Amino acid sequence: MVEYSSSDKYLKQIKAKDIIRYLKTHDWKEIPTRSNTTKYKSPSPISDNGTYLELLVPLNEKYKDYSHVIELIIENISIFEARSFEEALSQILILADRLKTGILEARKGMIPLNQGISLYKGLQDLIIYSACSEFERIPAKRYPRKLGDAIKYAETSLLGQSELGSYVANIYLPLPRPALEYPWNTNIEPFPRKVVLRILRGLEDLASSVNENSSDPIVDNYEKGLNSNMCDALINIIDVGMGNEVVVKSILEPVYSFPDGILTEFILNPSNKYYLAEARDILMENAPIEEEGVFYGYPEILKHPQEKAKGTIKLKCINIVPKRTVTITMELNPSDYQRVIEAHRSDRDIKIKGVLER
C-alpha cells in the first residue's frame with residue numbers, strides 16, 4: 001500500500017492527465033477556466049446548502065509545488081469518496097478492483113515464508129476458479145476444470161504492496177477504462193468485476209452457512225457463488241492463518257456500478273472450514289474421475305519464448321478419437337523442451353502422460 005507522503009514515489013507518478021481522466025470517469029464536471037489549469041466540480045453537493053467541492057488541476061507539471069497540489073487534490077477526492085488517501089491514489093494509478101486479505105495477529109506483521117506463498121497461491125486459485133465459472137455457460141458447473149482462459153486471465157492480476165501491523169496481501173484485478181464518450185457503459189459489468197462479485201457472493205453464502213449451521217446456502221447458490229474448487233481455495237487460505245482469523249475484503253472501483261447491499265468484508269476462521277469442506281464434497285458428487293492417459297504423436301510447431309523459461313509444442317495424436325487426428329497443445333520446462341527438439345530433429349514420435357483439459 002502506498003504511504004501518505006508528498007515525497008512518495010507513487011505520488012510523483014501521477015500526471016495531470018491521470019487526475020483529469022479519473023475525475024471525468026467519476027462524473028466530476030469540468031468548469032472552463034484559465035489555460036494553465038482546469039477546474040472540476042464534484043458530482044454531488046458536499047453540504048445541505050448546495051455547495052459543491054471544486055478542484056483546480058494544474059496542467060503544467062513543472063510548477064514548483066505541483067506534487068503538493070496533486071497531493072491535496074487526491075486528499076480531497078478521498079474525503080469526498082469516503083475512503084483512504086492510499087486507496088484513492090492506488091485507483092488513480094491503476095483502474096482496478098482489489099482483493100485484500102489480511103491475517104490478524106500476525107507476529108510483527110510477518111508469517112513464515114511458506115505460509116505467505118500458500119496465501120498468494122490460495123488467492124490465485126480463488127480467482128482462477130471464479131473465472132472458470134464465469135467463462136462457463138449458465139448454469140455454472142459445480143466442479144469446473146482449470147480452464148486455460150481462466151489461468152491466462154488470472155495472470156493479468158497485479159500484486160500490490162503489503163501493509164504494516166498485520167500480514168496483508170493485495171491483489172489488483174485491472175478493469176478496462178470506460179470510454180468517456182459512452183458513459184452508460186459503466187452499467188455493464190466487465191469480466192474482472194464479475195470474478196470479484198462471484199467471490200463476494202460466495203463469501204456471503206459462507207456467512208449464511210455459519211449462521212444457519214448448514215452448508216446449504218453454499219450448495220444452493222453455487223451457480224452464482226462458490227464452486228467446489230473455490231471452497232478448496234478458501235480452506236487453504238484459512239489454513240495459512242494458522243488458527244488466526246483471516247480478513248478478506250474487496251475495494252470495488254466506483255466508476256463501475258455494483259449491486260446495492262453487496263458485502264465487501266468478511267472474517268474467516270478455522271470453524272468455517274467444516275461448512276466449506278461439506279459443501280465441496282456435496283458439489284463434487286458425481287464428478288468424473290480424471291485419469292492420466294498415455295498419448296503418442298509427432299511434435300509440431302515448436303515455439304520457444306525469448307526468456308527461454310519454457311517451450312510450447314503441439315502434438316498430433318491419432319489414438320484418442322477413432323479415425324481422427326487430435327492436436328494437443330502443452331507447455332514444457334526447458335529440459336523436456338530440449339528432449340522434444342531432439343526428437344523433432346530425428347523425426348521421431350514422442351510419448352506423453354497426463355490429463356487432457358479442453
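Which residues of α4 are buried? Here are a few friendly notes that begin with this question and then move through the rest of the model.

1. Helix α4. The buried residues of this helix are Phe85, Glu86, Glu87, Ala88, Leu89, Ser90, Gln91 and Ile92. Helix α4 spans residues 85–93, and with eight of its nine residues buried, the helix is mostly covered.

2. The overall picture. Please keep in mind that this is a predicted model. The protein has 358 residues, and 44% of them are buried. Its secondary structure consists of 11 helices and 12 strands. Among contacts with a separation of 6 or more, 64% are between residues 24 or more positions apart.

3. The nonpolar cores. In soluble globular proteins, nonpolar side chains tend to be buried together. Here the largest nonpolar core holds 48 residues, and the members that touch the most others are Ile127, Leu173, Leu234, Leu268 and Leu276. Apart from that core lies another, made of 21 residues, including Leu55, Ile74, Phe85 and Ile92. Two of these names, Phe85 and Ile92, will be familiar from the buried residues of α4.

4. Leucine 173. It is worth pausing on this member of the largest core. Setting aside residues up to four places away in sequence, leucine 173 touches Ala96, Asp97, Leu99, Ile127, Tyr153, Ser157, Pro192, Val195 and Val196. Among these partners is Ile127, which also belongs to the largest core.

5. Serine 130. This residue sits in helix α5, which covers residues 113–135. Is serine 130 buried or exposed? Serine 130 counts as buried because its relative accessibility is 0%. Its side chain reaches the backbone oxygen of valine 195 at 2.8 Å. Not counting residues up to four places away in sequence, serine 130 touches Val195, Arg198, Ile199 and Met230. Val195 thus appears twice in these notes, as a contact of serine 130 and as a contact of leucine 173.

6. Where α7 meets α10. Helix α7 runs over residues 191–212 and helix α10 over residues 272–283; their axes come within 10 Å and cross at roughly 110°. That angle is why α7 is described as roughly perpendicular to α10. On the α7 side the meeting residues are Leu206, Ser209 and Val210, and on the α10 side they are Asn272, Tyr275 and Leu276. By class, this contact has four nonpolar residues, two polar ones and no charged ones. Leu276 is also one of the best-connected names in the largest core, listed among those touching the most other members.

7. Serine 215. Look next at the loop between α7 and α8, where serine 215 is found. Serine 215 counts as buried because its relative accessibility is 2%. Which residue shares a polar contact of 2.8 Å with the side chain of serine 215? The partner is glutamate 278, joined through its own side chain. Leaving aside neighbours within four places in sequence, serine 215 is in contact with Ser209, Tyr275, Glu278, Ala279 and Ile282.

8. Alanine 279. This residue lies in helix α10 and is buried, with a relative accessible area of 0%. Residues up to four places away in sequence aside, alanine 279 touches Ser215, Ile218, Val219 and Cys231. Alanine 279 and aspartate 220 are 59 residues apart in sequence, while their C-alpha atoms are 9.4 Å apart in space.

How values were computed. Residues numbered from 1 in each chain as written. Predicted model: local features only at pLDDT ≥ 70, side-chain atom pairs only at ≥ 80, totals over all residues. Heavy atoms only, no water. Axes fitted to C-alpha atoms, helices over the stretch in contact; angles between N-to-C directions. Helix = DSSP H or I, 4+ residues; strand = E, 2+ residues; numbered from the N terminus. Parallel < 35°, antiparallel > 145°, perpendicular 65-115°, else oblique. Contact = heavy atoms within 4.5 Å. Nonpolar A, V, L, I, M, F, W, Y, C, P; charged D, E, K, R; others polar. Buried < 20%, exposed > 50% of the residue type's maximum accessible area, 1.4 Å probe, protein only. Polar contact = N/O pair within 3.5 Å; in protein donor to acceptor, adjacent residues only side chain to side chain. Core = buried A, V, L, I, M, F, W, Y, C linked by side-chain atoms within 4.5 Å.
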